[in-house]
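User: Got a minute to go through this one with me? I'd like to start with the odd spots and then work out to the strands.

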Amino acid sequence: SSGINAEYGGSGAGQQLIVTVNGQEDNANQNYLFSYGDPTIIEVDDETGSDTPSTLGGTWTILGSNFGKETSTIVAATLSDPVSQNPITYSCGTCSLFIPESGNEILTCEDCPSGVGISYLRVTVDSLDSPPFQFTYASPTVTGLRYPSGLNSLPTEGGAVTIYGTEFGPVGQDVTATIGSQNCANGLGGASLTVQSDSFGYFVVCNIAAGTGADINVQVRVGGQNNP
């Protein structure tokens, strides 16, 4: 028997291998097909370098291996369910590939999807899927409160409090919030507490009943994560 060692980069499944010797092709094995290795993700970061991407989505850097070549068709998408045969997917925009001389391959993908809590990312390279990679979107942070009619505190009879913060998710995202021991009702009259935005940032409007006290804890929960 004899063998040939050859190295050639590529990607995809169902690739045909044909050996030609002195102008003659290996006709007996014309149907021999092989596949390149599946892509693998080891880390995902947003444009700030955080490995907990913003809930608003954006440009992500994905580190891994077997991402193919610069000419490969590459799609990055989040999955609704990592074990479903037909999960709902939300794709990033254009992805560009950089392959350094050593170390991990680097995908830079634009317009990646918004989300909250735990999610899963999959990279598909010329029809080959990576295993789902679990990551977590950023947790919420409360940055300030606004009280009714320009007051600097909430009247003891209760009312609406606007809670401003970051990483509440996109506009329309359902969240829950508490002020002290009271659960917030939607101060805008909706069935659930949903994220809004204005020139000051992202917020929810919390309607609470009468109460008293000072330095009361404000807690916002988004996608199973609480603010610090």
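**Loops, strands and a lone aspartate**

Analyst: Sure. Glu167 lies in the loop between S15 and strand S16 (174-179); strands here are DSSP runs of E of at least two residues, numbered from the N terminus. Before we go on, this is a predicted model, where local features need pLDDT of at least 70, side-chain atom pairs count only at pLDDT 80 or more, and totals for chains, interfaces and linings use all residues. Residues are numbered from 1 along each chain as its sequence is written, and side-chain values use heavy atoms, with hydrogens and water left out.

User: What's the phi of Glu167?

Analyst: Positive, about 55°, although Glu167 is not a glycine. Most residues other than glycine have a negative phi.

User: And why does Glu167 count as partly exposed?

Analyst: Because its relative accessibility is 21%. Buried means under 20% relative accessible area, exposed is over 50%, and partly exposed is in between, with a 1.4 Å probe and protein chains only.

User: Which other residue has a positive phi without being glycine?

Analyst: Asn66 is one, with phi near 60°. Asn66 is in the loop between S6 and strand S7 (74-79), and it's partly exposed, at 38% relative accessible area.

User: OK, zooming out. How many helices and strands are in the chain?

Analyst: Zero helices and 23 strands. Of the 228 residues in the chain, 34% are buried. Among contacts with a separation of 6 or more, 57% are between residues 24 or more positions apart, where contact means heavy atoms within 4.5 Å.

User: What's the strand order in the open sheet of four strands?

Analyst: S5-S6-S10-S9, with antiparallel pairing. Two strands pair if DSSP finds at least two bridges between them. The edges are S5 (40-46) and S9 (95-98), each pairing on one side only. From one strand to the next, the twist averages 20°; axes for that are lines fitted to C-alpha atoms, for helices over the stretch in contact, and angles run from 0 to 180 degrees between N-to-C directions.

User: How many bridges join S6 to S10?

Analyst: Six, between residues 58-65 of S6 and 105-112 of S10, running antiparallel. Ile62 stands opposite Leu107 in S10.

User: Back to S5 for a second. Is Asp46 buried or exposed?

Analyst: Buried, and it has no salt bridge, meaning a side-chain nitrogen of Lys or Arg within 4 Å of a carboxyl oxygen of Asp or Glu. The nearest side chain of opposite charge is Arg221, 21 Å away; Lys and Arg count as positive, Asp and Glu as negative, while His and the chain ends are not counted.

User: So what does Asp46 contact?

Analyst: Leaving aside neighbours within four places in sequence, Asp46 is in contact with Thr52, Pro53, Ser54, Thr59 and Trp60. A polar atom of the Asp46 side chain lies 3.3 Å from the backbone nitrogen of Ser54.

User: New topic: how many residues of S15 are buried?

Analyst: Six of eight, so to speak a mostly covered strand, spanning residues 159-166. S15 pairs antiparallel with S14 (residues 141-146) over five bridges and with S21 (residues 201-208) over seven. Gly165 shows up in both: it's the bridge partner of Val142 and stands opposite Tyr202 in S21.

User: And which side chains of S16 are buried?

Analyst: Val175, Ala177 and Ile179, which point to one face. Asp174, Thr176 and Thr178 point to the other and are not buried.

User: What does S16 pair with?

Analyst: Strand S22 (residues 218-222) is one of its partners, antiparallel over four bridges, with Ile179 bridging to Val218. S16 also pairs antiparallel with S19 (residues 193-194) over two bridges, where Val175 has Leu193 as its partner. Two bridges join S16 to S17 (residues 182-183), again antiparallel.

User: What's in the turn between S16 and S17?

Analyst: The two strands form a hairpin with two residues between them, and Gly180 in the turn has a positive phi of about 65°. Ile179 has Gln182 in S17 as its bridge partner.

User: Last one: where do the S13 side chains point?

Analyst: They alternate: Phe133 and Phe135 point to one face and are buried, while Gln134 and Thr136 point to the other and are not. Thr136 is also the bridge partner of Ile118, and four bridges join S11 (residues 118-125) to S13, running antiparallel.

Terms used: A polar contact is a pair of N or O atoms within 3.5 Å; within protein, one must be able to donate a hydrogen and the other to accept it, and residues adjacent in sequence count only if both atoms are side-chain atoms.
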